[in-house]
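Work through the following exercises with the sequence and the coordinates open beside you, and try each task before reading its solution.

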Amino acid sequence: MVPVLSSGDDEYARWRSTNVSPQKQFGYVVAVASVTLGDLTADQFRILGELSRAYGDGAVRVTVEQDLLFRWVNACDVRQLYRRLAAAGLGRSDAGTIADVTSCPGAESCRLAVTQSRGLGRLLEEHLRERPDLIAAADGARIKISGCPNGCGQHHIATIGFQGSVRRLGSRAVPQYFLMVGGGATDTAAQFGRLAAKIPARRLIEAVDRLIRLYVRDHGDGESATAYFARVSLDVVKSELADLERLQPGDALESDFIDLGDASAFAPVVMDGECSA
């Protein structure tokens, strides 16, 4: 039996504004279930199957943003679909926003990854979902994360992209990320982001906050975040982030030597094998 949540009007209205769009066939909509880092339980899979048959066309599609898409949902059934998704822990709003972070599996399971990209993804998503003002201000920006240069998280084509790397501080290893800005994709082409900084992992929340503030302060009328970061001078972005890059032995905290999502010292090992994405 599919559980039902008695949801408030504000929560439903927010979800409907970000996760539902009209289908070209009159009277039907496309609804997106936002899934944090693409993680689902067995019970949630079963519920999704039941909901797809009850409210859609019997199929659920996985998007490149690691979300789930229902087609052929009758517009009259949207509230009921939301209540059942929310009761199953799948009723998060803000699909397609900067809070809907995409990440590859990272060093948690990939033999090629350098960093715990999912740890960073989880941290950024939690931070942004607690700050609806930042989500609104970012105007369509997307964050994508890869744990190595292979780019399975598609960080090259994100408004703000992160690629896992390592920095040596004396004899110790510090997890860091290459931060890229200005990537994006359209129906006909893709534009790769430009390398703006190399920042220790523990400082990346502050880096994202600064980039959003830069966009708010400096963008033109009607200019989206994606368009702004594609055209802004890289020197401007570098200047905004320069102090976050600097890390000297005397400045480093013990936490700087621990990857996000880990509890022990960062010790990157790249093994033979296949990418797990």
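The exercises below concern a predicted model and treat helix packing first, then a sheet.

**Exercise 1.** Determine how helix H1 and helix H3 pack, and which residues meet there.

*Solution.* Start with the axes: helix H1 (residues 9-19) and helix H3 (residues 78-87) pack at an angle of about 105 degrees, and their axes lie 11 Å apart. Since angles of 65 to 115 degrees count as roughly perpendicular, H1 is therefore roughly perpendicular to H3. Next, list the contact: Asp9, Glu11, Tyr12, Trp15 and Arg16 of H1 meet Val78, Arg79, Tyr82 and Leu85 of H3. Sorted by character, the residues of this contact comprise five nonpolar, no polar and four charged.

**Exercise 2.** Find which residues of H1 are buried, and explain why they line one face of the helix.

*Solution.* The buried residues in H1 are Tyr12, Trp15 and Asn19. Viewed down the axis of H1, these buried residues fall within an arc of 65 degrees, so they line one face. Asp9, Asp10 and Ser17, on the other side of H1, are exposed. The cover over the buried residues of H1 includes strand E1 (20-22), strand E2 (28-33) and H3.

**Exercise 3.** Establish the strand order of the open sheet of five strands, and describe the helices that pack on it.

*Solution.* The order is E5-E6-E7-E8-E11, with mixed pairing, and the edge strands, E5 (102-103) and E11 (194-200), each pair on one side only. Strand E8 (residues 172-181) pairs with E11 in the antiparallel sense over six bridges, and leucine 179 stands opposite alanine 197 in E11. Helix H4 (residues 117-129) packs on the sheet, touching E5, E6, E7 and E8, and its direction makes about 160 degrees with that of E6. Finally, helix H6 (residues 204-218) lies across E6, E7, E8 and E11, running at about 20 degrees to E8.

Note on methods
Residues are numbered from 1 along each chain as its sequence is written. This is a predicted model: local features need pLDDT of at least 70, side-chain atom pairs count only at pLDDT 80 or more; totals for chains, interfaces and linings use all residues. Side-chain values use heavy atoms; hydrogens and water are left out. Axes are lines fitted to C-alpha atoms, for helices over the stretch in contact, and angles run from 0 to 180 degrees between N-to-C directions. Helices (H or I, at least four residues) and strands (E, at least two) are DSSP runs, numbered from the N terminus. Angles under 35 degrees count as roughly parallel, over 145 as roughly antiparallel, 65 to 115 as roughly perpendicular and the rest as oblique. Contact means heavy atoms within 4.5 Å. Ala, Val, Leu, Ile, Met, Phe, Trp, Tyr, Cys and Pro count as nonpolar, Asp, Glu, Lys and Arg as charged, and the others, Gly among them, as polar. Buried means under 20% relative accessible area, exposed over 50%, partly exposed in between (1.4 Å probe, protein chains only). The arc is that of the directions from the helix axis to the C-beta atoms. Two strands pair if DSSP finds at least two bridges between them.
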